[in-house]
Amino acid sequence: MDKQQDFVLRQIEERGIKFIRLWFTDVLGTLKSVAIAPAEVEGAFNEGIGLDGSAVEGFTRRSEADMLLHPDPSTFQMLPWRGDIDPTARMFCDISTPDGQPSVTDPRRVLRRALDVASAQGFTFYVHPEIEFYLLKSDEALGGEPVPADNAGYFDNVPGGTAHDFRRRAVRILEDLGISVEYSHHEAGPGQNEIDLRFSDALNTADNVMTFRTVVKEVAIEQGVYATFMPKPMWQHPGSGMHTHVSLFEGDTNVFHEPGAEYQLSKIGRHFVAGLLKHAPEITAVTNQFVNSYKRIWGGDEAPSYACWGHNNSSALVRIPTYKPNKGGSARVEYRGIDSAANPYLAYAVLLSAGLKGVAEEYELPAEIEGDIWEMSPRERSVLGFAPLPSSLNEAISIMENSELVAETLGEQVFAYFLANKRAEWKQYRAQVTPFELASNLHAL
């Protein structure tokens with residue numbers, strides 16, 4: 001038994017932990033959980049815990065149902081909201097087949113594979129997400145039109161407001177869980193909030209995003225409101241994105257930084273951004289995986305709709321921030337095309353693969369956008385080479401299904417399942433008769 005496993009077992013005994021929740025994520029990014037007793041943890045470390053993979057979205061065919069959960073002791077944390085009555089901890093799990101092979105459909109494994117590719121080239125991939133979500137009045141949230149918990153706006157300070165109490169409690173719990181928070185504030189929409197997690201390696205951050213969503217939901221219930229990460233819950237208000245700042249390191253050196261270069265961005269950084277832009281349309285189904293996601297992308301309010309880049313330009317898909325231009329370690333690029341409902345493991349995997357493709361093949365970075373892309377004519381955007389992102393889930397999956405990059409990154413089974421699931425979602429959506437159609441046509445026609 002390694003030192004981390006031994007540490008976990010001692011913590012369970014010393015802190016009187018009654019339940020240990022084993023967490024894992026399905027292909028669509030839904031958190032799954034099974035609770036085990038303290039006496040079962042050592043066995044889980046040594047042999048794993050059995051799982052019917054055919055019952056989990058996208059994991060395996062029924063003829064290959066048996067799978068094993070292997071808790072990762074480095075992710076052990078107490079769950080603060082469970083209180084002192086039944087102290088509970090959690091660990092994220094890796095998934096294997098009975099013969100000990102890593103599961104090819106485990107999203108955590110998909111990201112590990114992408115990180116292994118980067119590691120073979122000498123790179124470590126760091127990310128820092130800005131996660132937006134809405135707080136709604138809980139009694140209206142689950143039926144009818146959603147009602148925001150407040151009417152505040154961007155960076156508003158509302159004394160005694162629900163959002164203040166909520167963010168304070170959520171941030172405190174996140175810190176208790178070992179998840180460092182950089183900022184928290186009210187966003188532009190009524191009831192909309194943003195909490196930014198401090199940068200870390202991509203796998204740790206993906207785990208933190210899954211924990212973050214659970215914390216936000218738990219605190220909302222505790223405070224009598226409802227939290228949603230739906231990309232566009234209200235048509236008249238901004239959508240919720242997960243803008244993600246990314247950087248590559250070689251050891252302790254940030255390879256995106258080059259003193260004296262334009263915006264201090266190195267050649268590797270420029271090639272990486274070019275890769276993000278070139279492959280953006282084909283990875284969009286992964287970074288924006290729901291029908292509702294495209295209401296955000298094409299809904300205005302600074303959501304990115306075209307594959308372009310800019311310096312401090314909030315209408316661009318990729319932004320080159322320069323908050324600390326003389327601090328090499330902080331050099332990064334911001335990808336604004338991920339929404340808050342994405343599976344972070346898959347989203348970060350395709351983001352990394354697209355960027356590394358640009359580095360490997362030395363893609364040339366196109367011209368920077370100047371001004372607001374929405375103020376340009378369609379002809380101007382076309383001449384400048386600013387390709388539109390997919391306008392619907394149907395278009396996104398049609399582009400993705402021809403992508404060698406996405407197929408290779410996700411692996412055959414995840415790729416096939418993801419496409420099948422999204423085609424089914426589009427088919428169901430297309431069959432709906434919407435309130436808009438009824439209001440417009442029922443009495444008029």
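Let me start with Pro233, which sits in the loop between strand S11 and strand S12, the latter covering residues 242–250, and please keep in mind throughout that what we are looking at is a predicted model. Is Pro233 buried or exposed? Its relative accessibility is 14%, and because buried means under 20%, Pro233 counts as buried. Once its neighbours within four places in sequence are set aside, the residues in contact with Pro233 are Tyr134, Pro146 and Asn292. Along the chain, Pro233 and Ser293 are 60 residues apart, and their C-alpha atoms are separated by 9.8 Å.

Pro233 also brings us to the largest pocket, whose volume is about 1300 Å³. The lining of this pocket is made of 37 residues, and those that lie nearest its centre are Met230, Pro231, Lys232, Pro233 and Asn292. Which elements each supply at least two residues of that lining? They are helix H6 (202–222), strand S11 (225–228), helix H13 and helix H14 (435–441), and the largest share, 4 residues, comes from H6.

Since H13 has just come up, let me stay with that helix, which runs over residues 412–431 and has 20 residues. From its first C-alpha to its last, H13 reaches 29 Å, which is close to the 28 Å expected at 1.5 Å a residue. Its buried residues are Val414, Phe415, Tyr417, Phe418, Leu419, Asn421, Lys422, Glu425 and Trp426. When you read such a list, it helps to remember that an α-helix has 3.6 residues a turn, so residues three or four places apart point the same way. What do the buried residues of H13 pack against? Their partners are five helices by name, namely H3 (107–120), H7 (267–287), H9 (344–360), H11 (393–400) and H12 (404–410).

Of those partners, I would like to look at H9 in a little more detail. It has 17 residues and reaches 24 Å from its first C-alpha to its last, close to the 24 Å expected at 1.5 Å a residue. Of its 17 residues, 15 are buried, and therefore H9 is largely enclosed by the rest of the structure. The N-terminal end of H9 is capped by Asn343, a side-chain oxygen of which lies 3.1 Å from the backbone nitrogen of Tyr345. Just after H9, on the other hand, Glu362 takes a positive phi of about 50°.

Another of the partners, helix H7, holds Phe272, a residue that is buried with a relative accessible area of 0%. Leaving out its neighbours within four places in sequence, Phe272 is in contact with a set of residues that includes Phe125, Val246, Leu248 and Phe256, and also Leu351, Leu352, Gly355, Leu356 and Val359. The C-alpha atoms of Phe272 and Tyr363 are separated by 7.9 Å, although these two residues are 91 residues apart along the chain.

Let me now turn to the strands, beginning with S9, which covers residues 192–197. Why is S9 described as largely enclosed by the rest of the structure? The reason is that 6 of its 6 residues are buried. Both faces are covered, with Gln192, Glu194 and Asp196 buried on one side and Asn193, Ile195 and Leu197 buried on the other. Strand S7 (residues 124–137) pairs with S9 in the antiparallel sense over 5 bridges, and here Glu130 stands opposite Asp196. Strand S8 (residues 181–186) also pairs with S9 in the antiparallel sense, over 5 bridges, and in this case Ser184 is the residue opposite Ile195. The hairpin of S8 and S9 has 5 residues between the strands, and in it Gly191 takes a positive phi near 80°.

Strand S7 also contains His128, which counts as buried at 7% relative accessibility. A polar atom of the His128 side chain lies 2.5 Å from the backbone oxygen of Leu197. Beyond its neighbours within four places in sequence, His128 is in contact with several residues, among them Glu182, Asp196, Arg198, Phe199 and His243.

I will finish with strand S3 (residues 49–52), where the two faces can be told apart: Ile49 and Leu51 make up a covered face, whereas Gly50 and Asp52 make up an uncovered one. S3 is joined by 4 bridges to strand S4 (residues 66–71), and the two run antiparallel. The bridge partner of Leu51 in S4 is Met67.

Definitions and conventions
Residues are numbered from 1 along each chain as its sequence is written. This is a predicted model: local features need pLDDT of at least 70, side-chain atom pairs count only at pLDDT 80 or more; totals for chains, interfaces and linings use all residues. Side-chain values use heavy atoms; hydrogens and water are left out. Buried means under 20% relative accessible area, exposed over 50%, partly exposed in between (1.4 Å probe, protein chains only). Two strands pair if DSSP finds at least two bridges between them. A polar contact is a pair of N or O atoms within 3.5 Å; within protein, one must be able to donate a hydrogen and the other to accept it, and residues adjacent in sequence count only if both atoms are side-chain atoms. Contact means heavy atoms within 4.5 Å. The expected span of a helix is 1.5 Å times one less than its number of residues. On a 1 Å grid over the protein atoms alone, a cavity is a set of points where a 1.4 Å probe fits but cannot get out, and a pocket is an open set with protein on both sides within 12 Å along at least five of seven lines; lining residues have an atom within 4 Å of a point. Grid points are joined across faces, edges and corners, and a volume is the space filled by probe spheres set on the points.
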